Amino acid sequence: MDIVVRALVIYLVIVVLFRITGKRTMAQVTTVDLVLLLIISEATQQTLLGDDYSITTAVLAIVTLVVLDRAADLVKFKSKKFSRLVEGSPVVLVERGRPLEHRLRKEHISVEDVLAVARSRQGLLRLDQIDYAILESSGGISIIPAVKPTRGDDAGDSAAPPGA
């Protein structure tokens with residue numbers, strides 16, 4: 001039973017730490033992030049297994065972690081509050097071509113980061129070409145391009161057909 005309690009504690013600590021570090025941490029894994037993840041996994045292994053390196057203990061730890069993860073998925077599916085607590089909510093970063101600086105700072109994202117995503121995914125070069133940029137709960141940034149006005153819309157023409 002000790003291994004189940006250890007697995008539960010480690011699972012909760014890691015989920016909380018990843019939640020605190022922010023959404024972008026998981027979306028952009030750098031070399032440093034990978035090294036940190038490997039170190040965390042080694043430290044976790046030592047904590048989970050202790051002095052017992054048997055196959056039974058390892059299997060029990062793995063099964064406990066997978067069951068905890070599936071249980072968390074089920075609770076997230078059934079409870080929007082729990083889902084927002086664990087996953088977070090989407091955050092609007094750019095609105096109608098205007099960067100929302102306080103949100104960008106809070107999420108540690110620069111305007112250049114948003115523009116890089118806009119260039120690579122939508123072929124957009126400037127902020128005024130972006131209607132919305134949204135930091136998704138997965139850590140990715142969604143870009144919604146600004147709609148180009150049609151010829152009649154920008155001139156203030158009425159909808160009546162010509163010659164009417």
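**Notes on the model, starting from Asp131**

1. Asp131 is buried, at a relative accessible area of 15% (buried is under 20%, exposed over 50%, partly exposed in between, with a 1.4 Å probe and protein chains only). Bear in mind that this is a predicted model, where local features need pLDDT of at least 70, side-chain atom pairs count only at pLDDT 80 or more, and totals for chains, interfaces and linings use all residues. Numbering runs from 1 along each chain as its sequence is written, and side-chain values use heavy atoms, leaving out hydrogens and water.

2. Asp131 sits in strand β3 (helices, H or I with at least four residues, and strands, E with at least two, are DSSP runs numbered from the N terminus). Leaving aside residues up to four places away in sequence, Asp131 touches Val94, Glu95, Arg96, Gly97, Ile144, Pro145 and Ala146 (contact means heavy atoms within 4.5 Å).

3. The side chain of Asp131 also meets that of Arg96 in a salt bridge, 2.8 Å from N to O (a side-chain nitrogen of Lys or Arg within 4 Å of a carboxyl oxygen of Asp or Glu). This pair links distant parts of the chain, with Arg96 in the loop between β1 and β2 and Asp131 in β3, 35 residues apart. Unlike its buried partner, Arg96 is exposed, with a relative accessible area of 60%.

4. Now the strands around that pair. β1 and β3 run antiparallel, joined by 4 bridges, and β1 and β2 are antiparallel too, with 2 bridges (strands pair if DSSP finds at least two bridges between them). Val94 stands opposite Ala133 in β3, and its bridge partner in β2 is Pro99. The β1–β2 hairpin has 2 residues between its strands, and Arg96 in the turn takes a positive phi of about 50 degrees.

5. What else is charged here? The structure holds 5 salt bridges. One of them joins Arg98 to Glu95, the closest N and O atoms being 4.0 Å apart; Arg98 is partly exposed at 48%, and Glu95 is partly exposed at 30%. Arg126 and Asp128 meet at 2.9 Å, N to O, with Arg126 partly exposed at 45%. Salt bridges with shared partners also tie Arg70, Asp73 and Lys76 into one network.

6. Helix α7 (residues 111–122) has 12 residues, which at 1.5 Å a residue should span 16 Å, and its end C-alpha atoms are indeed 16 Å apart (the expected span is 1.5 Å times one less than the number of residues). Its buried residues are Val111, Val114, Leu115, Val117 and Ala118. They fall within an arc of 160 degrees seen down the axis, so they line one face of the helix (the arc is that of the directions from the axis to the C-beta atoms). Glu112 and Ser120, on the other side, are exposed. Just after α7, Gly123 has a positive phi of about 75 degrees.

7. The largest nonpolar core has 17 residues, and Leu93, Val114 and Ala133 are among those with the most contacts inside it (a core is a set of buried Ala, Val, Leu, Ile, Met, Phe, Trp, Tyr and Cys residues joined through side-chain atoms within 4.5 Å). β1, α7, β3 and β4 each give two or more residues, and α7 gives the most, with 5. A second, separate core of 5 residues includes Ile3, Ile10, Leu48 and Ala61.
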